[in-house]
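I opened my notebook to get to know a structure that was new to me. I wanted the overall build before any detail.

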Amino acid sequence: MQLKELSGIGEKTEKLFHRAGVDSVEDLLSYYPRYYDTYEAPVFIRDLETDRTQAVKGTVVREITVRRVRNLTIVDAYIRDEKGNGMKATWFNAPYMKNTLHRGDVFIFRGFVHENRGSYVMDQPKTFSFVQYQKKMGEMQPVYPLVSGLTNNMVLKAVKQAFNLVKKSETIPLEIRKIFQLQNVEDALYNIHFPKTNNDFTIARKRLVFEEFFHFIITLRKLKETNDTIKNYHVLTEPEELEKIIENLGFQLTSAQIRTWHEIQRDISSDKVMNRLIQGDVGSGKTIVAVLALLTAALNGEQGALMAPTEVLARQHFQNISELIEKNCLNIKPVALVGSMTAKEKREVYTLIESGKADIIIGTHALIQDKVNYHNLALVVTDEQHRFGVRQRETISEKGNYPHTMVMSATPIPRTLAIIMYGDLDISIIDELPSGRKPIANCVVGTEYRPKAYRFIENQVKEGRQAYIICPTVEYSEAVEGENVIEYTKKLQAVLPSHIQVDFLHGRMKASEKNEKMTAFAENKIQVLVSTTVVEVGVNVPNATVMMVENAERFGLAQLHQLRGRVGRGGNQSYCIFINGSGKKDAGRRLEILNQSNDGFFIANEDLKLRGPGDFFGVRQSGDFEFRIGDIMNDADILKDAARGVDLIENNEIHISEEERALLYKQQNEIISI
């Protein structure tokens, strides 16, 4: 059913929904809220917490003031609570507040709280009478992911209509629902959008997360069965040049790299096709193992392809492989294939690939486009799994008569979870770092440390270094707490000397813009890059020595560890500054785990231990798998239950009807794209 059939949605609004990934009325049911805005009881001013939305009951104690700052109208009011403590309330471009508020008025003010020169300031507060606020207390208002032009109210109205027009079929067998105490799908979907209580939300979410994991695991199991029966059409033996190549690397491979390389060699020379995950911590040296495999394919007279998540990283890989080939005088031709190349340049590369003259092809998703025809593709290496999912692996297999597949991931996932989540792949773990790496110096601090951090960054830039600053959001929203990239960049440009180039990067930018910014940073044309976690994967900048993460409490520890891995890649001492924006001691204790170890797998396991059943929003575990609602770290227990549920069916330990079985395996054609 088309979206424009809904009341209030025309062609323009329909396009906005399409941009958000909602293409039909049915899609609205699974367009889940990002989080819920819950109206909590008002607090006294002295009990406010910074960097979050809160409510205060207070009296306006001075005349309202209006001032102009450039093109901005700022309205200020001074509020005092019954304990005698005061704060300032500020509205931007809302001059009408001058006539709405008067000295002596008593309201409940609700807005985003921050600290300025030792005093509390509440931004853009909404005002309520005591009775109005009492009615709202405890409500869970859904807040949806949005694109520019699409409002939360538009989504809310559309979702409410969708529930009256479409029904969702049940895809989990009744016996499984009974065993794992799962709500039926219709109730779960309604309660995930409009929960009356936190318990309603928890029950609904458990069902939907289970469903997501359950069907994903079934798909992987079937894929694994298929893989195990595929004959190896590309038997790759160890070329005689390889020993010399390893000797000329300029460094010694670690024992973990050597062990992994032997596992790869065994696979690619066996009678079955290789499907292997190389899981290694940030900086563990996965790429050189992959390069050895690509060179092995080329020296066997066949083709190897390396797919990177970004164009900048693809170009870096191409440069490094080209230099290695030249250094060893190898008769191998590498080519790059990326989206920004001209049509003529692409046609030339297509010809080289199809004719077999190109031995190693390095690129982005351009490598699996219809126009690319390989001559004899024997090996595909993908850098960072979450950019290259099950569907893409199937696509490239069709292009190369079942080439060997090697997937590299730096996301530290506890082995028990990795075995489930990478069900179609064999796993190799590179669990040691190359010798000689300087440990990154870490600190966990509060927001009061910022001025000192800015001076430190300025001094690092004076020494010729660069810095990343990570913010949790792209732009300001009254519904989303925490620092945002756009405003933070402006603030930093005002604080740092004008000769220091400060710029920003975020995921909503066009691919060409992102490539341009990352290239500029790699070339030191930008000294301080303010970004969302989009830099978690993307480019190698050995000159970057500072990673500062704002609102670090908003991220999973494993993700913070990956961000930390963006620095420490050169010969200079590197530093990571984690800002605890909440000021909460438990968040500080959690972040201190990053000071205890640089081992990503240790950190991932500690992160898993700390997750609570209510910790569904705010601390999001990023990584390889980006499900709609499930999160493999937060939901580790549900993941294990889902795997057990699949086992029960596959081992015929429970009875399911033929109709249920048909619906179940129909889901295999709706593989989660991750």
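**Entry 1: a term I need.** I call a residue buried when its relative accessible area is under 20%. I call it exposed when that area is over 50%. I also note that this is a predicted model.

**Entry 2: the whole chain.** I looked up the secondary structure and found 23 helices and 21 strands in the chain. Next I checked the radius of gyration. It is 27 Å, close to the 26 Å that the globule rule gives for 674 residues, so the chain is as compact as a globular protein of that length. I then took the extent of the C-alpha trace, which spans about 85 × 70 × 50 Å along its principal axes.

**Entry 3: inside and outside.** How much of the chain is buried? I found that buried residues make up 55% of the 674 residues. The chain exposes about 30,500 Å². Carbon and sulfur atoms supply 47% of that area.

**Entry 4: contacts and charges.** I took the contacts between residues at least 6 apart in sequence. Of these, 73% join residues at least 24 apart. I counted 85 positive and 88 negative side chains in the chain. The centres of the two sets lie 6 Å apart.

**Entry 5: strand β9.** I turned to β9, residues 275-280. Six of its six residues are buried, so I noted the strand as mostly covered under the 20% cut-off. Which residues point which way from β9? N275, L277 and Q279 point one way. R276, I278 and G280 point the other way. All of them are buried, on both sides.

**Entry 6: the partners of β9.** I looked for the strands paired with β9. Five bridges join β9 to β14, residues 404-409, and the two run parallel. Five bridges also join β9 to β15, again in parallel. L277 of β9 turned up with a partner in each: V407 in β14 and I427 in β15. Q279 of β9 has I429 as its bridge partner in β15.

**Entry 7: strand β15.** I followed the pairing to β15, residues 426-430. Is this strand enclosed or open? Four of its five residues are buried, so β15 is largely enclosed by the rest of the structure.

**Entry 8: helix α19.** Last, I looked up a helix, α19, residues 557-564. Eight of its eight residues are buried, so α19 is largely enclosed by the rest of the structure. Among the buried residues I listed L557, L560 and L563. Q559, H561, Q562 and R564 are buried in α19 too, as is A558.

Methods
Residues numbered from 1 in each chain as written. Predicted model: local features only at pLDDT ≥ 70, side-chain atom pairs only at ≥ 80, totals over all residues. Heavy atoms only, no water. Rg over C-alpha atoms; globule rule 2.2 N^0.38 Å. Buried < 20%, exposed > 50% of the residue type's maximum accessible area, 1.4 Å probe, protein only. Contact = heavy atoms within 4.5 Å. Areas by Shrake-Rupley, 256 points an atom, 1.4 Å probe, with all protein chains shown as cover. Lys, Arg positive; Asp, Glu negative; His and termini not counted. Charge placed at Lys NZ, Arg CZ, Asp CG, Glu CD. Pairing = 2+ DSSP bridges.
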